[in-house]
Every structure is written in structure tokens, then in C-alpha cells.
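Let's take a friendly walk through a protein structure. Have the sequence and the 3D view ready, and follow along as we go.

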Amino acid sequence: QLQLVESGGGLVQPGGSLRLSCAASGAILDYYVIGWFRQAPGKEREGVACIRSTGGSTDYADSVKGRFTISTNNAKTTVYLQMNSLKPEDTAVYYCAAVVRIGPLTFNQCLSHATYGHWGQGTQVTVSS
């Protein structure tokens, strides 16, 4: 049974950086699609970035494109979200999620929470001066 555990959240000033980690146990992330999502108070959960472990292609929400980078380690046991130039509106609980996927996945599917069946517990990111 795949389990996901996020870490790396915290308080950072606007313009700063954080790197989130999503550690997988119970499975290696071959043939998985892994996504990062976030949810701010009173708002819906939104897709931020996703990566297809087979091939390594990525997608990003427009709100984070050019600032965030999703990647995996060589062993495909950990997925990272490098967040640069952080803004107060990036404040949210960040979740990683995974789904087994052999065939292609569209941009919308990759960033939709409905696609994913495995979720971590989340890590808080607060951007404030």
C-alpha cells in the first residue's frame, strides 16, 4: 500500500524559497503520476504541478509557472517541489498525491484532484513578512 508523507513546509518571507518533499513508502513510483496540490482556507483544492514518472514530463498551473519546479530523485522514492519567489497568495496547505497511470494524461487530468487516489497528510506553507 503506497503511503505519502510531505515535509519541508514552514514560514517564509515574500520572495523567499522553500523545497517540499513527498516521501513514498510501500511502492516505488514507477508508472505513477505524482501531483502537488494546495488548499487555502475557504478555497478549493487546486493543482499546482504534476510529473509523470515514466518520461518525466511535467505540467504547472499558470499561477506558479516559472517559479515552482517539480522533480523526482533517481530512485523514484521522493518527489520534490522547489518553490521560489514565493508570494503571500501561495500560503496554503500543500499535499502530494499519486495515481498509477500507464496511458497518457491530459494537462487538466494531471492537475485535477479527482484523478488521484493516494494522498499525503499535507504540510503548511505560510508566506508572510
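## The middle of the sheet

In this predicted model, strands E3 and E8 pair in the antiparallel sense, with six bridges between them. To find one spot along this pairing, look for Arg19, which stands opposite Gln82 in E8. In general, the strands of a sheet pair through backbone hydrogen bonds, and the pairing can be parallel or antiparallel.

Why does E8 count as largely enclosed by the rest of the structure? Strand E8 covers residues 78–83, and five of its six residues are buried, so the other parts of the structure largely enclose the strand.

## Out to the edges

Now let's step back to view the whole sheet. This open sheet is made of four strands in the order E1-E3-E8-E7, and the pairing is antiparallel. Strand E1 (3–7) and strand E7 (68–72) are the edge strands, each pairing on one side only. On average, neighbouring strands of this sheet are turned by 15 degrees against each other, direction ignored.

On one side, E1 pairs with strand E3 (residues 18–25) over five bridges, again in the antiparallel sense. Here you can spot Leu4, which stands opposite Ala24 in E3. On the other side, E7 and E8 run antiparallel and are joined by five bridges. Ile70 has Leu81 in E8 as its bridge partner. E7 and E8 also form a hairpin with five residues between them, and Lys76 in the turn has a positive phi of about 55 degrees.

## Charged partners

How many salt bridges does the structure hold? There are six salt bridges. In one of them, Arg38 meets Asp90, and the closest N and O atoms are 2.9 Å apart. Because Arg38 lies in strand E4 (residues 32–39) and Asp90 in the loop between E8 and E9, this pair ties together parts that are 52 residues apart in sequence. Arg38 and Asp90 are both buried.

Asp90 has another partner: the side chain of Arg67 forms a salt bridge with Asp90, at 2.8 Å from N to O. Arg67 sits in the loop between strand E6 (58–60) and E7, while Asp90 is in the loop between E8 and E9, so here the tied parts are 23 residues apart in sequence. Are these two residues buried or exposed? Residues under 20% relative accessible area count as buried. Arg67 has 11% relative accessibility, so Arg67 is buried. Asp90 has 1%, so Asp90 is buried too. Through shared partners, salt bridges join Arg38, Glu46, Arg67 and Asp90 into one network.

A further salt bridge links Asp59 with Arg52, where the closest N and O atoms are 2.7 Å apart. Both of these residues are buried.

## A patch on the surface

Let's finish on the outside. Tyr31, Val100 and Ile102 form a nonpolar surface patch, and together they have about 340 Å² of accessible area. One member, Ile102, lies in the loop between strand E9 (92–100) and helix H1 (107–110). Ile102 has 68% relative accessibility, so it counts as exposed.

Gly103 is also found in the loop between E9 and H1. With 37% relative accessibility, Gly103 counts as partly exposed. How many Å separate the C-alpha atoms of Gly103 and Leu2? The separation is 20 Å, with the two residues 101 residues apart along the chain.

Notes. Residues numbered from 1 in each chain as written. Predicted model: local features only at pLDDT ≥ 70, side-chain atom pairs only at ≥ 80, totals over all residues. Heavy atoms only, no water. Pairing = 2+ DSSP bridges. Helix = DSSP H or I, 4+ residues; strand = E, 2+ residues; numbered from the N terminus. Axes fitted to C-alpha atoms, helices over the stretch in contact; angles between N-to-C directions. Patch = residues over 30% accessible without salt bridge, like charges linked within 9 Å, V, L, I, M, F, W, Y side chains within 5 Å. Areas by Shrake-Rupley, 256 points an atom, 1.4 Å probe, with all protein chains shown as cover. Salt bridge = Lys/Arg side-chain N within 4 Å of Asp/Glu carboxyl O. Buried < 20%, exposed > 50% of the residue type's maximum accessible area, 1.4 Å probe, protein only.
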